[in-house]
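Open the model in your viewer and keep the selection panel handy. The stops below say what to pick next and what is there.

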Amino acid sequence: MITVRYGRRNWEVIRLSTTDPAAPPRPEPQVSTVPSAEPEASDRERWVGSTEVLCFLLILVGVLHRQVGALVTDPRLQTWLTVFVSVMVQAVPFLVFGVVLSAVIAVFVPRSFWSRALPRHPTLAVPVAGVAGVVLPGCECGSVPIAGSLIRRGVTPAAALAFLLAAPAINPIVLTATAVAFPRNPEMVVARGGASLLVALLMGWLWLRLGRSDWIRLPHHAHLDGLPRMAAFWTACRHDVIHAGGFLVVGAMAAATINVVVPQSFLHDLAARPVLSVLALAALAVLLSICSEADAFVAASLSQFSLTARLAFLVVGPMVDLKLISMQAGIFGRRFAVRFAPATFALAVLVAAGLGTVVW
């Protein structure tokens, strides 16, 4: 028989007895009647916010104003700031505009629209899906979850993957930003759009030939499901601005650092070797992980390298970089990412190098 006693907080078992009278008595356990106190708000740990950090930095600058003034007058720092600010000022408007339009399309355009608009035959669906990337003015951060949604809606994976690769590189925002970044080389716009679309289509058809359905494992919940439309819109905007904007800052800092820290003689020597320069900028695009709306301005700042090498930078970046690999692994699974990313990188480098050799 179980005996219970009602305490302050809840019912608690205090003694387990038996109906056998010969059983030896057991000592009654002590039961604490003091309720577990919840920590008061005043006792909770207070996190340092942005206001405190800003005040600390202002005080630090005021105390070290002489040292800061001497540092700012350094010509190398002035060059670094000039390159960094110029990249940010040119890229931020395209980044914000692209993020807003990407969120509008991702939230307000029904996902079933894509499955109805694409041909049923997989071979024909691949080019149609690739060209459909023109209507998605957003960065690669938004194309990955949308491609996952397309597969959930019954779109063949080959077409969804072609859309994933083409959308961040051939949409009007990216091509316009490329034209602004390369005003003296308008052929860069055509070369970037053509090479990116070709890589997307080839990867889609390659998936039809060699891809396996068990390599893709989508999560159970689609991106932004369960939220009201406006809440989903602002969530998508915040997500893309935080991620894409953060990578843009890192990319602008890296571009400025390369122009200041790396000796110009080394850059010119590397740029003079066609194969090494293409591979170097392709690898740099993977490491920097810059948003496609802004990478053209970073590529334009790397004026030591040939246009072919910078074309490889622009073609590889929206298709293969560190953030994309992690996002693809999270949405499609690791087995997919470890196969898809290396194949896309190799094909993008080959197509960019071949097209660049023909154009320039």
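**Stop 1: a serine in a loop**

Select S292 and P168. A polar atom of the S292 side chain lies 2.9 Å from the backbone oxygen of P168. That is a polar contact (a pair of N or O atoms within 3.5 Å; within protein, one must be able to donate a hydrogen and the other to accept it, and residues adjacent in sequence count only if both atoms are side-chain atoms). S292 sits in the loop between α12 (274-288) and α13 (295-301). Is S292 buried or exposed? It counts as buried, at 1% relative accessibility. Buried means under 20% relative accessible area, exposed over 50%, partly exposed in between (1.4 Å probe, protein chains only).

A word on the source: this is a predicted model, where local features need pLDDT of at least 70 and side-chain atom pairs count only at pLDDT 80 or more, while totals for chains, interfaces and linings use all residues. Residues are numbered from 1 along each chain as its sequence is written, and side-chain values use heavy atoms, with hydrogens and water left out.

**Stop 2: the whole chain**

Zoom out and colour by secondary structure. The protein chain has 16 helices and two strands. These are DSSP runs, numbered from the N terminus: helices are H or I with at least four residues, strands are E with at least two. Of the 360 residues, 43% count as buried. The accessible surface comes to about 19,700 Å², and 67% of that belongs to carbon and sulfur atoms. Areas come from the Shrake-Rupley method with a 1.4 Å probe; for residues, only the protein chains shown count as cover. Among contacts (heavy atoms within 4.5 Å) with a separation of 6 or more, 78% are between residues 24 or more positions apart.

**Stop 3: the aromatic rings**

Show Phe, Tyr and Trp as sticks. How many aromatic pairs does a search of the whole structure find? It finds five. Rings (for Trp, its six-membered ring) pair if their centres lie within 6.5 Å; planes under 30 degrees apart count as stacked, over 60 as edge-to-face and the rest as tilted.

Select F233 and W234. Their ring centres are 5.1 Å apart and their planes at 70°, so the pair is edge-to-face. F233 is buried at 9% relative accessibility. W234 is partly exposed at 48%.

Next, select F336 and F340. This pair is stacked, with 4.8 Å centre to centre and 20° between the planes. Both residues belong to helix α16 (residues 334-359); they are four residues apart, about one helical turn. F336 is buried at 0% relative accessible area. F340 is buried too, at 4%.

Add W207, W215 and F332 to the selection. Ring pairs link these three with F336 and F340 into a cluster. Now add R339. It lies over the face of W215, 4.5 Å from the ring centre. A charge sits over a ring if NZ of Lys or CZ of Arg is within 6 Å of the ring centre and within 35 degrees of the ring normal.

**Stop 4: helix α15**

Select residues 322-332, which make up helix α15. Its buried residues are K323, L324, M327, Q328, I331 and F332. Look down the axis: the buried residues fall within an arc of 130°, so they line one face of the helix. The arc is that of the directions from the helix axis to the C-beta atoms. Then step on to G333, which follows α15 and has a positive phi, near 110°.

**Stop 5: M188**

Select M188 in helix α9 (residues 187-210). M188 is buried, at 0% relative accessibility. Which residues does M188 contact, leaving aside its neighbours within four places in sequence? They are T178, F182, L307, L311, L314 and W360. Measure across to A296: the two C-alpha atoms are 9.9 Å apart, with their positions 108 residues apart along the chain.

**Stop 6: three more C-alpha distances**

- P228 and V107: 121 residues apart in sequence, 9.4 Å in space. P228 lies in the loop between α9 and α10 (229-260) and is exposed at 55% relative accessible area.
- A283 and V320: 37 residues apart in sequence, 9.5 Å in space. A283 is in helix α12 and is partly exposed at 32%.
- A117 and A129: twelve residues apart in sequence, 9.0 Å in space. A117 is in helix α4 (residues 112-117) and is partly exposed at 44%.
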